[in-house]
Amino acid sequence: MTKRVHRPREDAEFNFILGMSEVPVLAYFTGTWPKAIEPCRMMDLVVGGIADDYTGRLTAVRADITRCPAATERYGITGVPSYVLLKEGETVAHGTGPMTIAEVRKFLDGHL
């Protein structure tokens with residue numbers, strides 16, 4: 001996965017990244033249990049590519065729901081992978097399930 005995707009180890013680090021970002025944030029939530037691993041790994045590649053393509057326009061954050069439970073609750077995450085696009089700390093879009101690069105671009109482009 002690209003180095004442009006932040007991987008916070010806890011809620012405090014997640015919040016710090018959000019607070020420091022001067023551009024919209026794509027937070028995508030993942031899990032590590034057996035049924036979640038494959039779709040989440042697929043999204044690592046997709047979001048990594050998106051982070052490269054949207055450099056300077058977007059901050060990408062990969063949050064494991066077990067490491068960032070407060071963020072998971074705050075954004076109403078009920079399944080993984082899930083996505084929340086934030087502008088100035090406010091949710092502007094929300095999605096769930098595996099997406100292709102084209103689908104993520106469509107998800108983002110209407111809001112960036």
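**Exercise 1. A loop residue**

E88 sits in the loop between β4 and β5. Strands and helices here are DSSP runs, helices being H or I with at least four residues and strands E with at least two, numbered from the N terminus. The model is predicted, so local features need pLDDT of at least 70 and side-chain atom pairs count only at pLDDT 80 or more, while totals for chains, interfaces and linings use all residues. Residues are numbered from 1 along each chain as its sequence is written, and side-chain values use heavy atoms, with hydrogens and water left out.

Task: find the sign of phi at E88, and decide whether E88 is buried or exposed.

Solution.
- Step 1. Phi of E88 is near 50°. That is a positive value in a residue other than glycine.
- Step 2. Apply the cut-offs: buried means under 20% relative accessible area, exposed over 50%, and partly exposed in between, with a 1.4 Å probe and protein chains only.
- Step 3. E88 has 85% relative accessibility, so E88 counts as exposed.

**Exercise 2. The sheet**

Task: give the order of the strands in the sheet, then say which strands stand at the edges.

Solution.
- Step 1. Recall the general rule: strands of a sheet pair through backbone hydrogen bonds, either parallel or antiparallel. Here two strands pair if DSSP finds at least two bridges between them.
- Step 2. Read the order. The sheet is open, has 5 strands and runs β1-β3-β2-β4-β5. Its pairing is mixed.
- Step 3. Look at the ends. β1 (5–6) and β5 (90–96) each have a single partner strand, so one side of each is left without a neighbour in the sheet.
- Step 4. Check one pair. β4 (residues 82–87) and β5 are antiparallel, with 6 bridges. Within this pair, Y83 stands opposite G95 in β5.
- Step 5. Add the helix. α2 (residues 34–53) packs on the sheet and touches β1, β2 (25–30), β3 (59–64) and β4. Contact means heavy atoms within 4.5 Å. The direction of α2 makes about 165° with that of β2. Such axes are lines fitted to C-alpha atoms, for helices over the stretch in contact, and angles run from 0 to 180 degrees between N-to-C directions.

**Exercise 3. Helix α2**

Task: compare the reach of α2 with its expected span, and say what its buried residues pack against.

Solution.
- Step 1. The expected span is 1.5 Å times one less than the number of residues.
- Step 2. α2 has 20 residues, for which 28 Å is expected. The model gives 30 Å from the first C-alpha to the last, close to that value.
- Step 3. List the buried residues. Among them are A36, C40, M43, V47 and I50.
- Step 4. Find their partners. The buried residues of α2 pack against β1, β2, β3, β4 and α4.

**Exercise 4. Salt bridges**

Task: how many salt bridges are there, and which parts does the pair R4 and D52 tie together?

Solution.
- Step 1. Set the rule: a side-chain nitrogen of Lys or Arg lies within 4 Å of a carboxyl oxygen of Asp or Glu. The count is 4 salt bridges.
- Step 2. Take R4 and D52. Their closest N and O atoms are 3.6 Å apart. R4 lies in the segment before β1 and D52 in helix α2, so the pair ties together parts that are 48 residues apart in sequence. R4 is partly exposed at 44%, and D52 is partly exposed at 36%.
- Step 3. Take R105 and D53. Their salt bridge spans 2.5 Å, N to O. R105 lies in helix α4 (residues 101–109) and D53 in helix α2, so this pair joins parts that are 52 residues apart in sequence.
- Step 4. Take E13 and R9, with closest N and O atoms 3.6 Å apart. E13 is partly exposed at 22%, while R9 is exposed at 58%.

**Exercise 5. Rings**

Task: how many aromatic pairs does the structure hold, and which kind do F14 and F29 form?

Solution.
- Step 1. Rings of Phe, Tyr and Trp (its six-membered ring) pair if their centres lie within 6.5 Å; planes under 30 degrees apart count as stacked, over 60 as edge-to-face and the rest as tilted.
- Step 2. The whole structure holds 4 aromatic pairs.
- Step 3. F14 and F29 are 6.0 Å apart, centre to centre, with 45° between the planes: a tilted pair. F14 lies in helix α1 (residues 11–20) and F29 in strand β2, so the pair links parts that are 15 residues apart in sequence.
- Step 4. Both F14 and F29 are buried. Ring pairs link F14, F29 and Y75 into a cluster.
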